[in-house]
Amino acid sequence: MAMTITEKILAARAGLKSVSPGDLIEVKVDLAFAHDVTAPLAIRVFEEIGAEKVFNRNKVALVADHFVPNKDIASAQQAKRMRDFARKHRIKNYFEVGESGIGHVILPEKGLIVPGMVVIGADSHTCAYGALGAFSTGVGSTDLGAVMATGEIWLKVPPTIRFEYTGRKRRWVAGKDLILYTIGLIGVEGALYSAMEFAGPVIRGLPMYQRFAMANMAVEAGAKNGIIEPDRETLSYVRERSTLKPRIFRSDPGAVYAKVIRIDVSRIEPQVAFPPSPANDRPLSTVGKVSLDQVFIGSCTNGWLEDLRDAARILRGKKAAPAPSSVRPAAGPAWAVTWGSSQRGKGPFRRRTAISSGAWGTRRARFISAIPTWRRHRRSWDALAGLTNYRWLLKNTRLRCCPRPSSLHVRTKYASLLGMSGA
Amino acid sequence: MKIEGRVWKFGDDVDTDLIIPARYLNISDGRELARHVFADVRPDFAGAVTAGDIIVAGRNFGCGSSREHAPLALKAAGIRAVIARSFARIFYRNAFNIGLPLMESGEAEELLQEGEKISVDLSTGKIENMTSHKTCSAQRIPDFMRNLVQTGGLVEHVRQNKLKKKTVRR
């Protein structure tokens, strides 16, 4: 029977010859992931179940990436709960401040995910790993607690919607633009319960970090998972990082799709999503002039080193327009940059500052101080202290409202979380 | 498995923050959460809801943050089932996992009015309006998930079925 890549992975891990959309199956999990917000609840469920040990200590990944360095006592306690659990169960893949980053960036980077795996994570953007040709989906804490205990999960096989991207990309159009355009096209419910399969020559030409951004946002269209067939790019990415054996699945030519949507990318401009939803996107040329109060670069969708390079390439040598002094002191926009990667860069990136650029604010500054989330608190300070301009920056820009490095670790995806609003 | 109860009606896109506002997320006790359910949009709800009531809503119920506090608060408030045109995916899983059944029906929203008494058959998906005596149907809940609800949720299900062979503390 002809199947899609999603169906093939699920069938293989459920021990079945074939599956069809709508089937309820129990699937073996290759990696279970949680972070400092969702893990404590999952751990409680794990204990309620009465399990004594995790199903496989090498197949659980816990990453402290939301409230690190801890912003208050409550978040420190959450982190401690996860750390204690990781120690007790000798979880191999436990990452915290000193060697961490944003989970969705560092797990692929550390080679924990390879094609053909089933990855279950207690975070809605877990679908990001589909970029490697794995089945990957987000769940709640109860599900994850049960997965940690049993190594299995119940799933309903999703119908697949295939998106075929053809044509020639315009300059500056990246994976993020393609996915925003797609979500704008189908709406935030457009792929509800479904698998989004991204295909076509344009996808094959995308670098990995842009594929991750696409799969990462599948959930914003309501999808269960986003997936891209592994190709040479995928395999070379995986081989550089992982010793795990990839299992390559590809959709059969006769596979049944709920829908096939063809998109000619040559018409797509860089996209801007406006409030209140990612589906409310507009082509850049229709946006007009918008004055910026805050700029945020990073997140789990775009926190790759390459994303920051792209941003640097755009910003280099530029200077922010002075704001009308009647509006506010002419300080330019406030910046926050979160770098998800635990990788060290080259050139200006080597110095643990993410972007070297021209000016921001009305005066000239040498560096935009991106504070890497993966460094120990003190070492971040040291790294920053090494930048003679840092104190100058604090004095002369709106960053002074964030007196300590830790308060710069603001991640907009989780901005709502800062008010403790759940995952 | 039949449920009878009074209808509470809601519209489209009821997100988890409406169900339980973010400021209550430091509470994990169900009964305490239940006191704040729909605190911002329908402050009268928590006081007036009685055990056995049923929520009827439009599209995309439970969208937004994947917090499990939302289905937990509904269940603890006494809600026995939610019928909606569609549900957000993670909410859907979370609800069944804690033993709160959800049903998808496109007709229910038109047929059922606030305060009416209805009867819902979880095994067949049949919905009967006991006030107007009209009926409509919802998609049948798969057996596996109905069992999940009957067992009382995923924790109980795993405890009973999955860990028998493995080491269990109690």
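# Exercises on a predicted two-chain model

Chain A contains 12 helices and 17 strands, and the coordinates used throughout these exercises belong to a predicted model.

## Exercise 1. The overall build of chain A

Task: Determine what share of chain A is buried, and how its contacts are spread along the sequence.

Solution. Begin with the accessibility of the residues: chain A has 423 residues, of which 59% count as buried. Turn next to the contacts between residues at least 6 apart in sequence, where 76% join residues at least 24 apart. Finally, consider the surface that remains, for chain A exposes about 17500 Å², and carbon and sulfur atoms supply 51% of that area.

## Exercise 2. A helix and one of its residues

Task: Decide whether helix α1 of chain A is enclosed or open, and then describe the surroundings of A:Thr6.

Solution. The first step is to count along the helix, which spans residues 5–14: 8 of its 10 residues are buried, so α1 of chain A is largely enclosed by the rest of the structure. The second step is to name these buried residues, which are A:Ile5, A:Thr6, A:Glu7, A:Lys8, A:Ile9, A:Leu10, A:Ala11 and A:Arg13. Just after the helix, A:Gly15 adopts a positive phi of about 70°.

The third step concerns A:Thr6, which is found in helix α1 of chain A. Buried status requires a relative accessible area under 20%, and A:Thr6 counts as buried because its relative accessibility is 0%. When its neighbours within four places in sequence are left aside, A:Thr6 is in contact with A:Phe135, A:Pro158, A:Thr160, A:Ala195, A:Asn225 and A:Ile227. With A:Asn225 there is also a polar contact, made between the two side chains at 3.4 Å.

## Exercise 3. The interface between the chains

Task: Characterise the contact between chain B and chain A by its residues, its buried area and its polar pairs.

Solution. Start with the residues that take part: 36 come from chain B and 37 from chain A. The area buried between the two chains is about 3200 Å², and carbon and sulfur atoms give 54% of it.

Continue with the charged pairs, for which the search across this interface returns 1 salt bridge. It is formed by B:Arg93 and A:Asp143, whose closest N and O atoms are 2.7 Å apart. Polar contacts across the interface of chain B and chain A amount to 13 residue pairs.

Then examine the side of chain B that touches chain A, to which α5 (89–97), α7 (143–151) and α8 (154–162) of chain B each supply at least two residues. The largest share, 6 residues, comes from α5 of chain B. Sorted by character, the residues on this side of chain B divide into 16 nonpolar, 9 polar and 11 charged.

## Exercise 4. Salt bridges within the chains

Task: Compare where the partners sit in the pairs A:Arg313 with A:Asp310, B:Asp40 with B:Arg23, and B:Arg159 with B:Glu156.

Solution. As background, the whole structure holds 23 salt bridges over all chains.

Take the pair in chain A, where the closest N and O atoms of A:Arg313 and A:Asp310 are 3.2 Å apart. Both residues lie in helix α10 (residues 305–315) of chain A, separated by 3 residues, or about one turn of the helix. An α-helix has 3.6 residues a turn, so residues three or four places apart point the same way. A:Arg313 is partly exposed at a relative accessible area of 48%, whereas A:Asp310, at 18%, counts as buried.

Move on to B:Asp40 and B:Arg23, whose salt bridge has its closest N and O atoms 2.7 Å apart. This pair links distant parts of the chain, 17 residues apart: B:Asp40 lies in the loop between α2 (30–34) and α3 (45–48) of chain B, and B:Arg23 in the loop between α1 (16–19) and α2 of chain B. B:Asp40 is partly exposed, with a relative accessibility of 44%, and B:Arg23 is likewise partly exposed, at 48%.

Next comes the salt bridge between the side chains of B:Arg159 and B:Glu156, with an N to O distance of 2.8 Å. Both residues belong to helix α8 of chain B and stand 3 residues apart, about one turn of the helix. B:Arg159 is partly exposed at 25% relative accessible area, as is B:Glu156 at 24%.

To close the exercise, look beyond single pairs: A:Arg162, A:Glu164, A:Glu197 and A:Arg262 are joined into one network by salt bridges that share partners.

Key:
Residues are numbered from 1 along each chain as its sequence is written. Chains are lettered from A and ligands numbered from 1 in the order in which they are written. This is a predicted model: local features need pLDDT of at least 70, side-chain atom pairs count only at pLDDT 80 or more; totals for chains, interfaces and linings use all residues. Side-chain values use heavy atoms; hydrogens and water are left out. Helices (H or I, at least four residues) and strands (E, at least two) are DSSP runs, numbered from the N terminus. Buried means under 20% relative accessible area, exposed over 50%, partly exposed in between (1.4 Å probe, protein chains only). Contact means heavy atoms within 4.5 Å. Accessible areas come from the Shrake-Rupley method with a 1.4 Å probe; for residues, only the protein chains shown count as cover. Buried area is the accessible area (1.4 Å probe) that two parts lose on being put together, summed over both. A salt bridge is a side-chain nitrogen of Lys or Arg within 4 Å of a carboxyl oxygen of Asp or Glu. A polar contact is a pair of N or O atoms within 3.5 Å; within protein, one must be able to donate a hydrogen and the other to accept it, and residues adjacent in sequence count only if both atoms are side-chain atoms. Ala, Val, Leu, Ile, Met, Phe, Trp, Tyr, Cys and Pro count as nonpolar, Asp, Glu, Lys and Arg as charged, and the others, Gly among them, as polar.
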